Amino acid sequence: MPKRILIVEDEANIMESLAFLLRRDGFEVSTMPDGARAMGEAERVSPDLMILDVMLPNLSGFDVLRDLRAHDGLSATPVMMLTAKGQTRDRDQAEQLGADLFMTKPFSNAAIIAEARRLTGLDP
Amino acid sequence: MPSWNTIVITCLLYVTLLFCIAFWAEQRAKRGQFGWIRSPWVYTLSLSVYCTTWTYYGAVGSAARSGMEFVTIYLGPTLTFLGWWLILRKLVRISREQRITSVADLLSSRYGKSTSIGVVVTLIAVLASTPYIALQLQSLSLSFTLFSDVGTRPAQTAFWIASGLAAFTILFGTRHVDANEQHYGVVTAIAVEAVVKLVALTSVGLFVVFGIADGPADIFARLPDPELLSADVFGPRWVTLLFLSATAVICLPRMFQVAVVENVDERHLATASWAFPFYVFLMSLFVMPIAIMGMTGLPADANPDIYVLTVPLGAGNGGLALLAFLGGFSAATSMVIVAAIALSTMVSNHIIMPLWLRSTRHTTAASGDVRGMLLLSRRASIIGVLALGYIYFRVTGGSTSLASIGLISFLGAAQLFPSIIGALYWRGATRTGAITAVILGFGVWAYALFIPSFDGTFLLSPEVIANGPWGVELLRPQGLFGSEFEDPLVHATLWSMAVNVSALVVVSLLSRPGALEQLQAKLFVDVFTGTADRPGMALRRTAKSEDLFELAQRILGRETAWRMFTQTARAQGKASGLPDPSSDLTQRLERALAGAIGAASAHAMVSQIGGHGTVSVSELMRMADETAQIIEYSNRIEEKSRELEETASQLRHANAQLHEIAEQKDAFLSQVSHELRTPMTSVRSFAEILRDGDDLEPDQARRFVSIIHEESQRLTRLLDEILDVSVLENGQAQIVQVPVSLNATIEQALAATEPLMRRAGVQLIHAPGQDITVSADRDRLAQVLINVLSNAVKYGQGSPPAIIVQVKKTEHRVTITIADNGPGIAPEDQEKVFEKFTRLGHQTLAGSAGLGLPISREIMRNLDGDLTLSPKGPGASFQISLNAHEDVAAAQ
Amino acid sequence: MSQPEDIPRARKRRYDGAVILPIFAAMLILPPFVGLFAVPVTVFGIPLIVLWLFGQWLALIAIARRLAHLLSHPDDE
C-alpha cells in the first residue's frame, strides 16, 4: 500500500510541482491550500507524512503543527515544514513545536524525495 | 649711587606697573579671556613667593657664614616638587573638589568640618607668619635706608610700605568673594615680580662673575676660607633644613595659597614639577659667587645680608644696584601680599565669620548680608595681619634675632605637616588627634625655639633658657630631657616633630571619629578612586522644618527655597506654613542642594540638621554661606551640563532612529527574500523536473515551461516594484507635473485592466463626465489607477462583482473614487494595506507582491496628492486626490 | 612600537617613576651621598662639591621634566 502524503501549501505552482514529484515516486498525495482546513483533511486521509508550508492563509503552518501534535490520533505524524523565510527564529519555533524537518525554499527535488522516503520509513 | 628720589620714583613707577598688570589681568579674567594668565608658567612663577627677602638677601648672607648650607632652603622645595605626584597632586585635587580656601580650611574640612581645628590652625599660622612679615618690612626699610642720603626713619618707611601693601592686597585680594578664591590679578603681578627677582639676582651674579672677576674659576680662587666648602655642613642641620624647607612649600599659608588654592589646572603641576626647581636652581646659582665677592671685596664689617646691594654699589654700578633693589622689593612685596591674602581668608573664615554668625544666630540673615560681611571681615583681616607685622617690627625693632626668623617660621608651619599627611593618607586620623598633635607640636616649638630666640627678652629669662625653669635641667628649652644638640633648630625640630607625630597617631587611635569626619576622611583619602561609593549615613527624620528652610534659603536663594517648601506643604495637604519635615521633604531638599553643592555635602548638611551629627546648626549655616559662594559657578556648570544633556538626548534620539531604520531595512530585506524565494521555488522545482524527466508528456512539459515563464515574469515584476519603491521613497523618482487630461488617463487605465475585469466577470460602473485637466505625470497616474483597479478586482469579489469609478471636483482638488462591492477592509487593516508586502487574509494572487498600494500612495504624494482608503462601506473605497491644473497655475 | 596590552604596564612604570624620583633625589642630597665630594679638589677652577651639588640638581630637574612630560601625555611612547 502506497504511503500517503498530505501537502498543505497555498502557492498553486509549488503545490503542483510537489504533487507531481511525489506522485511520480509512488506516493499517494492529497493537497490542501488552506491552513484552517488542513486538520480536517489530515483527519480524513491520516497521512504518513505531512508537508506543511509556514505562510498559509487563515491559519499559519505553526498553528496547524501545534493542532496536529495535540491531536489524539495524528500526533505521531511526521511533519516536514517548508518556508521561504529560513530565519533561525522560525527554525527554532518549528523544532520546538515538534517538526521532524525544516526545509527552506527553494528546495532541491531530489532532497524532497529523499526526505519524504526517509520520513515515511521507506528508506532508513 | 642712585639718589633717594630715584629710588622712590622707581618704586612708585614699579608699583604703578604692578597695579596696571594686576588690573589688566583681573579684567581679562572677568571677561573670560584667560590666555596665558592661566598658563603653567604663570603658575610656576607665582610659586616664587617662596623666595622672600629672607632668601633673596639672606641666602647670600648664609653662604658667607655657612657655605653651601643655603642650598638646602632651595633643595627642600625641589624635593617636594619632584614628588608632586605623591602629595601636591592629591592636595590640589582634594582642594578643587572640596573647594578648600586655605590650609586651615583643608584641615578643618578633613577633620569633620571642625571649627576648633580651623581656629587653632589659623592662630598658629598668624603667630608663625607675623615675624616673617615683620622681617620683610625690616628688609625693605633696611634697603631703603641704604639709599637714603637724607635721614629717613626706618619705622616711617616701613609704615608707608605696610599701608601701600595693605591697599594693594585689599584692592586685588578682596575684589570679590569668589567661591574658588582665585585671584588672577595678584597671581599675574606676582609672576611678573618673580621674573624681576630672577633677572635682578642673575644680573648681579653675572656682573660679579664676569664683570668684576674673571669667570667662575677666578671667583672660587678668591674663596677666603676653604673651610666654607668642607663636609662639616652636611650634618644633622643639613637634614633638618631640607625637611623644613620641603614641608614649608606645603604648610606655609602663602605657599598653600599659590600652590594649591590658586592652582587652576592640575596639569600645571606637571610643568611646575621641574620648572619651579629650575627657578630656584637659577636663584641659587650665583649666591656663592656674590658671597665670595662680598667677603673679599668689601670691608670686613659690611653686613653680608645686603651683599646683593652693596657689591654692585661697591663696584660703582648704581644701575645694577637699583635693579637688585627692585628684586628685593619684589621679593618682599609678593610675600607680604600673598601671606596677607592667605591669612585674611583664614582669619575671616575661621574666626570672624563664625563669631559673627553666632552673634546673629537668631536673626534671619539673608545671603546678601553674609557676603557683605565676608568682604568686610576679609579687608579688616588684611589690615590686621599687616598691622601685626608692623607692630612686631616696631617692637623688636631691627633686632638681630629676626635673622633666623625664617627658619623658626618654617618649623612653626611644619607643625601642620603630620596632620596634612594624615588627612591625605590615613583614614584613621581623627580630629582630636590632629588638634592634639598641632597644639602640642606648636607648644614645643614655642618653648624650645620661638621664645628662646628672643634671647631672654620675652617670657623666658636668660636663666630659664640656660638652666631650665626652676632650675630643672630636664626642662631646659634647648636641651629637653637632657638631650644635647649643638643646634637649637635641630633640637626643636626633633622634639616638636616627635611629640606631634606621636600625638597624632596615639590620640587618633584612642578617639572615635564622628560621622561627618568619616565621610570627609573617605572623600579625602580616596579622592583618586573616583566615584567611590560614598558611605551612606542613616538619616534621622527629626529635622526641624525651620532649620531646613533656612539652610535651603541660604544655598538655593529665598524664592527657590520658598517655592520648593510651599509645593511640598501643599502636597502634604497643608494650606499654609512650612511642610512637615517628612522624608520626602529631606530627600527633595537633599537633591536640590546636591545640584548646587554636590551630593556628599548636601547629604552631610541635611543629615546634620536631621540631628545625626555633632556639629551645631549655626556651624552648618556657616558652611552653607561658604557654599553659597559657589552657586554662581555651579549654575554655570549646570548650564553646561544641560547643554551636554541636550546634545546627548539628541544623539540618543538619532541613535534610536538609526536603530529603527536598520530594523525596518532588515524586515524589508527579509520580506524581499521571502517574496523572491516563492517564485524561485516553482522555477527551480519545475526546471529540475524538466531536466531529469525524459518520460514527460509533451503537454505536461509545455505546461511546466509555461509555469516557469509565468513565475519568472512575476519575479521581474517584483524586482521592478522593489526598485520603484526604493526610487520613490528616496525622492529620486523623476515625476513631472504637467497638465493632463483626467478622462483620457482613466480610459487608459480601464483599457489596461479590461481583460482582468472581464476574466473576473466584474461589472464596471463609470460615467465619464466633463473632462478635467489635472496637474500630474500621466504615466504615473495611470499606474496608480491600474494598481487600485487591479486591487479592486482581486479583493472585491462581490456577487456579482462590481467596481464604481467616480470623479468629483471641488474648487482646488480633484478626487477619483474607486469602490468595489466586496467584503471591504476591516478597520484595523485600513492602514496596513499601504504597508509593503501586506497581503490581507494571506490571499495570494499571482503577480502581487503586496507593493502596488504602497507604490501608488508614494506616487500620489510625489504628485502633491494622496491615496486614501475611505472608511465608508460596504466595499473597499479608495480615493485618489490631486490638484486641478488651473489652481497650480493660479498659485504660481 | 608596543602592543596595546603593554600600554598599562608602561603607564604603571611612569607612576612608579614618579614615586621613586623624590626618594632617589632625597637619597642623593642627604648625607652621606651629598658630602661625597666635599674634598679640596677643583675642576676647571670650580670646587668639586659645588659641581656635584649643582650638577645632580640639574640632572634631577632634567629627569623630572622628562617624567612630567610622560605623565601628562600618557599615551605617548
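User: Let's start with confidence. What pLDDT does chain A average?

Analyst: This is a predicted model, so confidence is a sensible place to begin. Chain A averages a pLDDT of 88, and 99% of its residues score at least 70.

User: Where in chain A is confidence lowest, and where is it highest?

Analyst: The low end is helix α4 (residues 88-97) of chain A, with a mean of 82. The high end is strand β1 (residues 4-8) of chain A, at 93.

User: β1(A) sounds like a good place to look at strands, then. How do I read strand pairing?

Analyst: Here's the general idea: strands of a sheet pair through backbone hydrogen bonds, either parallel or antiparallel. Now the case here. β1(A) pairs with strand β2 (residues 28-32) of chain A in the parallel sense, over five bridges.

User: Which residue of β2(A) is the bridge partner of Ile7(A)?

Analyst: That's Thr31(A). One step along, Val8(A) has Met32(A) as its bridge partner in β2(A).

User: And how do the side chains sit along a strand?

Analyst: In a regular strand the side chains alternate between the two faces of the sheet. Keep that in mind when you follow β1(A) in the viewer.

User: In what order do the strands of the chain A sheet come?

Analyst: Five strands make an open sheet, in the order β2-β1-β3-β4-β5 (chain A), and the pairing is parallel. β2 and β5 (101-104) of chain A are the edge strands, each pairing on one side only. From one strand to the next, the twist averages 20°.

User: What kind of unit do β1(A), α1(A) and β2(A) make?

Analyst: They make a right-handed β-α-β unit. The helix in it, α1(A), lies across β1, β2 and β3 (49-53) of chain A, and runs at about 165° to β2(A).

User: Let's move to the chain boundaries. How many residues of chain A are in contact with chain B?

Analyst: 19 residues of chain A are in contact with 18 residues of chain B. On the chain A side, helix α1 (residues 12-24) gives the most, with five residues. By class, that side of chain A has nine nonpolar, six polar and four charged residues.

User: How many residues does the contact between chain B and chain C take from each?

Analyst: There are 31 residues from chain B and 31 residues from chain C. On the chain B side, the elements giving two or more residues are α5, α11 (216-221), α12 (236-251) and α14 of chain B. The largest share, nine residues, comes from α14(B). By class, the side of chain B that touches chain C has 25 nonpolar, five polar and one charged residues.

User: α5(B) and α14(B) are both on that list. How do I read two packed helices?

Analyst: Two packed helices are described by the angle between their axes and the distance between the axes. Here, the axes of helix α5 (residues 71-82) of chain B and helix α14 (residues 267-285) of chain B come within 8 Å and cross at roughly 170°. Therefore α5(B) and α14(B) are roughly antiparallel to each other.

User: Which residues make the contact?

Analyst: From α5(B), they include Tyr74(B), Pro77(B) and Phe81(B); from α14(B), they include Phe276(B), Pro277(B) and Met283(B). The residues of this contact divide into ten nonpolar, three polar and no charged.

User: Does chain B have a sheet to practise on too? What is its strand order?

Analyst: An open sheet of five strands runs β2-β4-β5-β7-β6 (chain B), with mixed pairing. β2 and β6 (866-870) of chain B stand at the edges with a single partner strand each, so one side of each has no neighbour in the sheet.

User: Which pairs in it are parallel, and which antiparallel?

Analyst: For a parallel case, take strand β2 (residues 763-766) of chain B and strand β4 (residues 802-809) of chain B, joined over four bridges. There, Ile765(B) stands opposite Ile804(B), and His766(B) stands opposite Val805(B). For an antiparallel case, seven bridges join β4(B) to strand β5 (residues 813-820) of chain B. Val807(B) has Ile816(B) as its bridge partner in β5(B).

User: How many residues lie between β4(B) and β5(B) in their hairpin?

Analyst: Three residues lie between them.

Terms used. Residues numbered from 1 in each chain as written. Chains lettered and ligands numbered in written order. Predicted model: local features only at pLDDT ≥ 70, side-chain atom pairs only at ≥ 80, totals over all residues. pLDDT = per-residue confidence, 0-100. Contact = placed C-beta atoms within 7 Å. Nonpolar A, V, L, I, M, F, W, Y, C, P; charged D, E, K, R; others polar. Axes fitted to C-alpha atoms, helices over the stretch in contact; angles between N-to-C directions. Parallel < 35°, antiparallel > 145°, perpendicular 65-115°, else oblique. Pairing = 2+ DSSP bridges. Right-handed = clockwise from strand over helix to strand, strands pointing away.
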